[in-house]
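Here are my comments on the model you sent round. Please read them with the structure open.

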Amino acid sequence: MRLLLISLILSLLATPAIAQENACPAFQDRAIASVSSACAEQELNSICFGHPTVSLAWLPDVQAAAFSQPGDQTASNTVDWFSTSSEDKTWGTARILFAAYPPDGLEAQTAALLAFGDVALFLPPPASIPGLLLDIAVAATQGANLRAEPNTDAQVIRTVAQRTSLKAVNLNEDGTWIQAYADPEVVGWISRELVAGDIDQLQSAPRDSAGLPLWFPWQAFDFRSGINDAPCAGAADSGLLLQTNRFQPPRQFWLNGLDIRLNGAVFLQAQIDAGMSIYVLDGDATISVPEARVVVKSGFYTQVPLSLAEDGSPIHAQIPAAPSAYDYQRMLRLPIAALHYPTRIGLDPYSIIAKRPSAGQSPLEGMSAEAPCKITAGTFGANIRSHPDPEASIIAVMGHRESADPIARAIGADDLLWWKLADHVWIRIDATVNGGKCSAVPLIAFDN
């Protein structure tokens, strides 16, 4: 029955676009304002109710918690599956803050997951990880070997340098060796003489005791979402935002069977018939399947065709597609303000501007005075900003002799003229040279 439920959830078709204009986009703004304010004091390893409608199923033997008012929280490791929906124009939202390990270490960092619109997530059964994990460190100046068994003749699993942090879980029968993790999937035995740390609480274990992976809940889950279901122009589609601290090493996730190593923020959508789309908004992500690996940078996305395995879970049907620039204007609608770490939407500048001519000449060379307006950057390039304000975020840089076709002009916050290249894409006029009939470019008002 459980597998049938998973299959039904994951194979649902995308929810049709809502037709009512009055549903858009104010109710989405209210939903994001609700989750941002109500979940401002959210605890780590919890799910916070942001805005109706949200449904949860708790694990067996877990007492259901109240989860109906914005700001209600429940422990993230008590949930079997949950969903949000866009029924009655509510645009359900929920935020999860959870600890996540990197792929090659044991230094946990907070990750954030925001579900909004039409989304369903299923978590695998919780693993019975050791109840006691003690911090130890390699003390030997020459480093130490982590071995498959507690003796010096056993196979070396990994060599670890001095000061490397480990998680100790057991002792051998005579207490001379410690069973410890070097990362979430690498566990072995290390001589007690070679480490520092308080291990008095550790118990003895058989030498062949196998260590289970230490991955935290929410580092692995399956999901499906609506696709192209924005209620109207200017609104966001349903989906997930997943974020890690981009100034820390990448965190590792298994989403719909894909190995994703993330440093920054991504927008995720998936349907079995449409595949899984991974849009990298900030930082970068490495998506791996056994046959291939793709690195996706900010401003780009990849798609992975999906199919259902025999147990009803999603798996990749083909390798990830080569990264392509995403629609920047579409990504701007996403509710990134409700994430845990400050972030911004990345822009592939060459989706807006043209590269420098291969011959190196000015792109304005030979232009007629009546040709459509074109701008190009000078010797030192020009910053592209999110607003016509010298204090606004720099989202890209136009290089020397690269060019663009402005769509409007405006007086910026500094009382100087700026070119508008697209929504939230501006460049100051005095940083560029122009050609053609630029007086025909509309002069618009801009309200900061």
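The points below go from the whole chain to single strands, residues and a cavity.

1. Overall make-up. This is a predicted model. The protein has 448 residues, and 52% of them count as buried. Its secondary structure consists of three helices and 34 strands. Along the principal axes, the C-alpha atoms fill a box of roughly 90 × 55 × 40 Å.

2. Contact range. Take the contacts in the protein with a separation of 6 or more. Residues 24 or more positions apart account for 64% of them.

3. Thr74, location and burial. Thr74 sits in strand β3, which spans residues 73-75. Is Thr74 buried or exposed? It is buried, because its relative accessible area is 8% and the cut-off for buried is under 20%.

4. Thr74, neighbours. Which side chain makes a polar contact with that of Thr74? The partner is Trp58, at 3.5 Å. Trp58 also appears among the residues that Thr74 touches, once those up to four places away in sequence are set aside. The others in that set are Asn45, Ser46, Ile47, Leu56, Ala65, Phe67 and Val79.

5. Leu134, location and burial. Leu134 belongs to strand β8, residues 134-138. Its relative accessible area is 11%. Leu134 therefore counts as buried, given the cut-off of under 20%.

6. Leu134, neighbours and distance. Leaving out residues up to four places away in sequence, Leu134 touches Leu166, Lys167 and Ala168, as well as Asp198, Ile199, Gln201 and Leu202. For a distance across the model, take His400, which is 266 residues from Leu134 along the chain. The C-alpha atoms of Leu134 and His400 are separated by 55 Å.

7. A three-stranded sheet. The order of this open sheet is β29-β26-β33, and its pairing is antiparallel. Which strands are at the edges? They are β29 (403-404) and β33 (432-435), each of which pairs on one side only. Strand β26 covers residues 374-377 and makes two bridges with β29, in the antiparallel sense. Within this part of the sheet, Ile375 stands opposite Ala404 of β29.

8. Strand β30 and its hairpin. Strand β30 (residues 408-411) pairs with strand β31 (residues 417-422). The sense is antiparallel, and there are four bridges. Ala410 has Trp418 of β31 as its bridge partner. Five residues lie between the strands of this hairpin. Here Asp415 takes a positive phi near 65°, so check that residue when you look at the backbone torsions.

9. The other partner of β30. How does β30 pair with strand β34? The sense is parallel, over two bridges, and β34 consists of residues 443-444. Ala410 stands opposite Ile444 in β34. Ala410 thus has a partner in β31, Trp418, and one in β34, Ile444.

10. Cavities. How many cavities of 30 Å³ or more does a search of the whole structure find? There are two. The second largest holds about 40 Å³ of space. Its lining is made up of Ala235, Ala236, Asp237, Phe267, Arg330, Arg333 and Leu334. By class, that gives four nonpolar and three charged residues, with no polar ones.

Technical notes: Residues numbered from 1 in each chain as written. Predicted model: local features only at pLDDT ≥ 70, side-chain atom pairs only at ≥ 80, totals over all residues. Heavy atoms only, no water. Buried < 20%, exposed > 50% of the residue type's maximum accessible area, 1.4 Å probe, protein only. Polar contact = N/O pair within 3.5 Å; in protein donor to acceptor, adjacent residues only side chain to side chain. Contact = heavy atoms within 4.5 Å. 1 Å grid on protein atoms, 1.4 Å probe; cavity = no way out; pocket = protein on both sides within 12 Å on 5 of 7 lines; lining within 4 Å. Points joined across faces, edges and corners; volume = space filled by probe spheres on them. Nonpolar A, V, L, I, M, F, W, Y, C, P; charged D, E, K, R; others polar. Pairing = 2+ DSSP bridges.
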